[in-house]
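Got a minute to walk through a protein model together? Have the sequence and the 3D view open side by side.

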Amino acid sequence: MLLEKILIYLPVSSLPETLVYVVASVGIILLTYSIFLEVERRQDLVMLLGACCLLVYALFIRNIIFSLAMTGIAIGSLIEFIEIYLGLHKHSPEDLERYKKLG
């Protein structure tokens, strides 16, 4: 087959197992996409969704370290989104100037 080395092999054993792999693939795409978003609210929401998708996969394969990592990312993104939503998360002008000098 032309792209068999690049494409993901999905098991055909059961529908739930296939759905878990599809959800994990969506999670990979969402986490990667969240890095490139400029608006912090959207970035946090997309990261939260991606981490939750990968958490489903981590629980499916029963990997405790991967599960804890995805839980940490999801909780961190949720907390930052809530802070932004409530107006508690702000950047001072000094921070913005420092970020501009770094870039």
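What follows goes from the overall fold to the helices, then to the aromatic rings and the surface.

Keep in mind from the start that this is a predicted model. The protein chain holds four helices and zero strands, so if you read along the sequence, the pattern you get is α-α-α-α. Of its 103 residues, 22% count as buried. The chain exposes about 8,000 Å², and carbon and sulfur atoms supply 70% of that area. As for how the chain meets itself, take the contacts with a separation of 6 or more: residues 24 or more positions apart account for 44% of them.

Now pick out α2, which runs over residues 40-61. This helix has 22 residues and reaches 31 Å from its first C-alpha to its last, close to the 32 Å expected at 1.5 Å a residue. Which residues of α2 are buried? The list reads Gln-43, Asp-44, Val-46, Leu-48, Gly-50, Ala-51, Cys-53, Leu-54, Leu-55 and Ala-58. These buried residues pack against α1 and α3.

Step past the end of α2 and you come to Arg-62, in the loop between α2 and α3. Here is something to look at in the backbone: just after α2, Arg-62 takes a positive phi of about 60°. Why point that out? Because most residues other than glycine have a negative phi. Arg-62 has a positive value even though it is a residue other than glycine. Its relative accessibility is 78%, so Arg-62 counts as exposed.

On the far side of that loop is α3, spanning residues 64-86. With 23 residues, α3 reaches 33 Å from its first C-alpha to its last, close to the 33 Å expected at 1.5 Å a residue. Its buried residues are Ser-67, Met-70, Ala-74, Ser-77, Phe-81 and Ile-84. What covers them includes α1 and α2.

Next, the rings. How many aromatic pairs does a search of the whole structure find? There are four. One of them is Tyr-57 with Phe-66, an edge-to-face pair at 6.4 Å centre to centre, with 75° between the planes. Phe-66 has a relative accessible area of 25%, so this residue is partly exposed. Another pair is Phe-81 with Tyr-85, which is stacked, at 6.2 Å centre to centre and 25° between the planes. Phe-81 and Tyr-85 both lie in helix α3, four residues apart, about one turn of the helix. The two partners sit in opposite surroundings: Phe-81 is among the buried residues of α3, whereas Tyr-85 is exposed, with a relative accessible area of 66%. Ring pairs also link Tyr-21, Tyr-57, Phe-60 and Phe-66 into a cluster.

While you have Tyr-57 on screen, look across to Leu-19, which has its place in helix α1 (residues 15-36). Leu-19 and Tyr-57 are 38 residues apart along the chain, and their C-alpha atoms are separated by 9.8 Å. At 48% relative accessibility, Leu-19 counts as partly exposed; the exposed class takes over 50%, so Leu-19 falls outside it.

Finally, turn to the surface. Leu-78, Ile-82, Tyr-85, Leu-86 and Leu-88 make a nonpolar patch of about 580 Å². You have met Tyr-85 already, as the exposed partner in the stacked pair with Phe-81. Where does Leu-88 lie? Leu-88 is in the loop between α3 and α4, the helix of residues 93-102. At 65% relative accessibility, Leu-88 counts as exposed.

How values were computed. Residues numbered from 1 in each chain as written. Predicted model: local features only at pLDDT ≥ 70, side-chain atom pairs only at ≥ 80, totals over all residues. Heavy atoms only, no water. Patch = residues over 30% accessible without salt bridge, like charges linked within 9 Å, V, L, I, M, F, W, Y side chains within 5 Å. Areas by Shrake-Rupley, 256 points an atom, 1.4 Å probe, with all protein chains shown as cover. Salt bridge = Lys/Arg side-chain N within 4 Å of Asp/Glu carboxyl O. Helix = DSSP H or I, 4+ residues; strand = E, 2+ residues; numbered from the N terminus. Buried < 20%, exposed > 50% of the residue type's maximum accessible area, 1.4 Å probe, protein only. Phe/Tyr/Trp six-rings, centres within 6.5 Å; stacked < 30°, edge-to-face > 60°. Contact = heavy atoms within 4.5 Å. Expected span 1.5 Å × (residues − 1).
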